[in-house]
Amino acid sequence: MATANDLPVGRSRPDTAAGRFSAALKQEGSLLLQMGIGKPSIARAMLLADSHGTTVEEELLASGEIDETIYFEALAEKLGLEFMPVIDADRVHDLSTLDCQIASPNVLRVYHASRPPVTVIVPSLSRLAEIADRLRCAPLLRQSLAVSTPSAVRQAAWQTGRLRRVSATTRALFETSPLHSARITLWGKQGFYIGIVVCAMLAAAVVLPLISVIVLHMVLTLFFFANFLTRLYALASAFRRNPVERTAKADAPAGPLPVYSVLVALYKEESIVAQLVGALDQLDWPRSRLDIKLICEEDDVQTLAALATLPLAPEYEIVLVPVHQPRTKPKALSYALPGVRGTFVTVYDAEDRPHPRQLREAYAAFAAAPEHVICLQAPLIITNAQNSWLSALFAVEYAALFRGLLPMLSLTGLPLPLGGTSNHFRTAELKQIGGWDPYNMTEDADLGMRLHRFGYRSRVISLPTLEEAPAALPVWLGQRTRWFKGWLQTWLVLMRKPAHLGREMGWPAFAVFQVLIAGMLLSSLSHPVVLGFLVYLTWLMVQGGVTVDGWMAFCLFMIDIVNIFGSYAVFVCLGLNRMNVSEKRSVGWRWAFVPLCWLVMSLAAWRALLELRNNPFSWNKTPHTPVGTAQTKDRNIAPLAPLYLVDELSGEK
């Protein structure tokens, strides 16, 4: 429903602004008045249509003041045509032209066994006179025409082409760009080369054990140190910025706003859909220009039942994904992508609470950026850091990543490993590069690297999305295992033709990719090994029985000290530097658990390596609970207030 906030600033009230409306808007208003719609509703809709560059009809339908079914039934009656509120999908033929109706529902052909086919149309008020004139000239057309609603046409089109569409979704990237698809884990000669390297390492370990250990130690040390230096540079850059500063915001271009689409993939989220819808309802964007798709699996009865109890506004659409392997979030997003109506599209998770003005900031940033910038990443902020040491370190990690490392990479034009939510895209370019890979467990990181190699760029914006982190170890471990498995997939996909990748991305970006993905994977897998080296070298020097060159042992020892404890320190410092006072208070002293967290992270990395071999496309579902219902150790600690309100209202820095 339209509110006072929807009315344009400085606009006169309806009774004094009538003279400013275009002839088309006045004609629409007159026709709607003849249909019995009240003057106040029409006046509000005319003001909004004048501001948004839409029609009065669109604004009325988007406001919820008139029911879609009743409205189109009235149009059918005015035209003297049959009204079809529900379309039987079994009577619609699945043709290649059908897919355009899921994004722009206008016309559908319905077949019958005992009568000629009927063409179902969705008439608009602006074309009503034209349609009426054609019917007067050819009255026999009435026998083969019927009127239905946009929702009914769209639903029939989704249902009719569902099996073809879901099959095409899972095959599209693999068949059109196999080089970029994770459907095959080891591609071409990768398995052969990996086997050769592993066998060579085992043989060297047996024949030359001491030299093998030294070489392995130096290789691991190099990757560890490169990772440490990258984050140290991000920390140095962060110290030059205010921890909670807002990036300079470009002004949105004058004129009507485009349609903005929002995709949310849901599976077994019945407990949190009410919170999600409440958060999406707060988005500061004209409802008539908003296209929200809640993407659910067909067999997810509980989530669908929970959604059925909610009063969803007209901008919402529930998209049902047929049961088909792989059952992953990127497959669901790719399935819904053909139905996206927006010029821009963003992705949120079920537990997300995006800043109400995030879409406006993203639109302004896109308008000010060059055309090759097709992706914007909003920061994610964890609001339950007080729940456990795991959620506290999760909050530190996210602050370091989204408000420290990614802004640094963005400023230097390097590839961004995107987060799985709150990334905004130009829709046309997203479709052009193939959308999401249904077989990749970290579709966000994969997409960030893929768009960079195609010559596109990503940047960051400042208004955040609030999230809850896993507070229990089993949930945290399952989620982190899935992430590591996806990062392994991403590295293997990109390294199918390393020289070709280097030329596409540019060698500096190629080096950063190796540090960010390969370095992170290798450092996580080898963390216990490096700790073991550190303990062993310490024992050798204490005993005085060093069997290798003393200076080499001492140098390796010092580098290990820097790698391990320096990495711990820069991880904590970068995260805390980006936090405000409230966030730091919620983390408290739990940052001291960083060594334990990294050891558990290593366990997740090794589990991911095994899963990649045995079950590469299994999706470890992360359960979510609404804010305020999660269990906390301290019952006196209330859930954090929205942090953007803390920033803007309390002035804490």
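1. Start with helix H2: the face turned away from its buried side carries the exposed residues Ala23, Gln27 and Gln34. The buried residues of this helix are Leu25, Glu28, Gly29, Leu31 and Leu32. These buried residues lie on the same side of H2, because they cover an arc of only 165° around the axis.

2. This is a predicted model, and confidence should be checked before details are read. The average pLDDT of the protein is 86, and 90% of the residues score at least 70. Two stretches need care. Over residues 1-17 pLDDT stays under 50, and the model has 21 contacts beyond four places in sequence for them. Residues 243-248 also have pLDDT under 50, with 15 such contacts. Where pLDDT is low, the predicted coordinates should not be read in detail.

3. Back to H2, which runs over residues 23-34. Its twelve residues reach 17 Å from the first C-alpha to the last, close to the 16 Å expected at 1.5 Å a residue. What covers its buried residues? The cover includes helix H3 (39-52), helix H4 (56-63) and helix H5 (68-79). After H2 comes Gly36, which has a positive phi, near 95°.

4. The model also has an open sheet of four strands, in the order E1-E4-E3-E2, with mixed pairing. Strand E1 (82-83) and E2 stand at the edges with a single partner strand each, so one side of each has no neighbour in the sheet.

5. The mixed pairing can be followed strand by strand. E2 and E3 (residues 118-121) run antiparallel and are joined by four bridges; the bridge partner of Val107 in E3 is Ile121. E3 and E4 (residues 145-147) run parallel and are joined by three bridges. Here Val120 stands opposite Ala146 in E4.

6. In a regular strand the side chains alternate between the two faces of the sheet. Strand E2 (residues 107-110) shows this alternation. Leu108 and Val110 point to one face and are buried, while Val107 and Arg109 point to the other and are not buried.

7. A last residue to look at is Asp446, in helix H18 (residues 443-453). Is Asp446 buried or exposed? Asp446 counts as buried because its relative accessible area is 1%, and the cut-off for buried is under 20%. Leaving aside residues up to four places away in sequence, Asp446 touches His180, Asp437, Asn440 and Thr490.

Technical notes
Residues are numbered from 1 along each chain as its sequence is written. This is a predicted model: local features need pLDDT of at least 70, side-chain atom pairs count only at pLDDT 80 or more; totals for chains, interfaces and linings use all residues. Side-chain values use heavy atoms; hydrogens and water are left out. Helices (H or I, at least four residues) and strands (E, at least two) are DSSP runs, numbered from the N terminus. Buried means under 20% relative accessible area, exposed over 50%, partly exposed in between (1.4 Å probe, protein chains only). Contact means heavy atoms within 4.5 Å. Two strands pair if DSSP finds at least two bridges between them. pLDDT is the predictor's confidence in each residue, from 0 to 100. The expected span of a helix is 1.5 Å times one less than its number of residues. The arc is that of the directions from the helix axis to the C-beta atoms.
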